[in-house]
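Here is a short briefing to read alongside the model. Take a moment with the fold before moving on to the notes.

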Amino acid sequence: MADSLTFDLVSPARKLASFPVSQVVIPSAAGDMTAMPGHAPTVATLRPGLVRAFSAEGEKAYLVIGGFAEISGDSVTVLAEEAEPREGFDAARVADLVAKQEKLAASLEDGSDARRAAEARLNDLRNLEILVRA
């Protein structure tokens, strides 16, 4: 088994990262997951959150808003709806997403599956908002 895997992070706007890593922490819809060399093949849906890639040079963190991650034993590819390095993410952009999600959740029928899903995404966006301010 190799001691590293290739990490690629791509958004519709650009390729943000491509380098060897020892592990990647991914904010999957099912909870945070860590991919390491030899990981079983997996495809995961991403929730808004922080992708953390660890390499010999240290940790690099990226804020993502949705997307997918494809994990294999020798690579992790993150296809993000939106992504930026943590230090470059715009707090006003996240606040705007939170406001839009609040309106959407409020417009849906109480107790409906759609309302619960909208509220779950709103919670994820609020957590992302905290990360951006930290």
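**Strand E3 and its surroundings**

Strand E3 (residues 23-28) is largely enclosed by the rest of the structure, because five of its six residues are buried. Please keep in mind that this is a predicted model. The notes below start with the partners of E3, then turn to the nonpolar cores and the aromatic rings.

**Strand pairing**

- On one side of the pairing list, E3 joins strand E6 (residues 49-55) in the antiparallel sense, over three bridges.
- Within the pairing of E3 with E6, Val24 stands opposite Ala53.
- E3 also pairs with strand E4 (residues 31-35), again in the antiparallel sense, this time over five bridges.
- Here Ile26 is the residue that stands opposite Met33 in E4.
- Two residues lie between E3 and E4, and the two strands form a hairpin.

**Nonpolar cores**

- The largest nonpolar core has 23 residues. Those with the most contacts inside it are Phe7, Leu9, Val24, Ile26, Val76 and Val78.
- Strand E2 supplies the largest share of this core, with four residues.
- A second core is separate and has 12 residues, among them Ala61, Val94, Leu122 and Leu128.
- Which residues does Ile26 touch, not counting those up to four places away in sequence? They are Gly31, Asp32, Met33, Ala35, Leu46, Ala69, Ile71 and Val76.

**Aromatic rings**

- The structure holds two aromatic pairs.
- In one of them, Phe7 and Phe19 meet edge-to-face, at 5.6 Å centre to centre and with 75° between the planes.
- Phe7 lies in strand E1 (residues 5-10) and Phe19 in strand E2 (residues 15-21), so this pair ties together parts that are 12 residues apart in sequence.
- Are these two rings' residues, Phe7 and Phe19, buried or exposed? Both are buried.
- Phe7 also pairs with Tyr62 in a tilted arrangement, with 6.2 Å centre to centre and 40° between the planes.
- The pair of Phe7 and Tyr62 links distant parts of the chain: Phe7 is in strand E1 and Tyr62 in strand E7 (residues 58-64), 55 residues apart.
- Tyr62 is buried, as is Phe7.
- Taken together, ring pairs link Phe7, Phe19 and Tyr62 into a cluster.

**A charge over a ring**

- Where does the charged end of Lys60 sit? You will find the charged end of Lys60 over the ring of Phe19, 4.7 Å from the ring centre.

Methods:
Residues numbered from 1 in each chain as written. Predicted model: local features only at pLDDT ≥ 70, side-chain atom pairs only at ≥ 80, totals over all residues. Heavy atoms only, no water. Phe/Tyr/Trp six-rings, centres within 6.5 Å; stacked < 30°, edge-to-face > 60°. Buried < 20%, exposed > 50% of the residue type's maximum accessible area, 1.4 Å probe, protein only. Lys NZ or Arg CZ within 6 Å of the ring centre and 35° of its normal. Pairing = 2+ DSSP bridges. Core = buried A, V, L, I, M, F, W, Y, C linked by side-chain atoms within 4.5 Å. Contact = heavy atoms within 4.5 Å.
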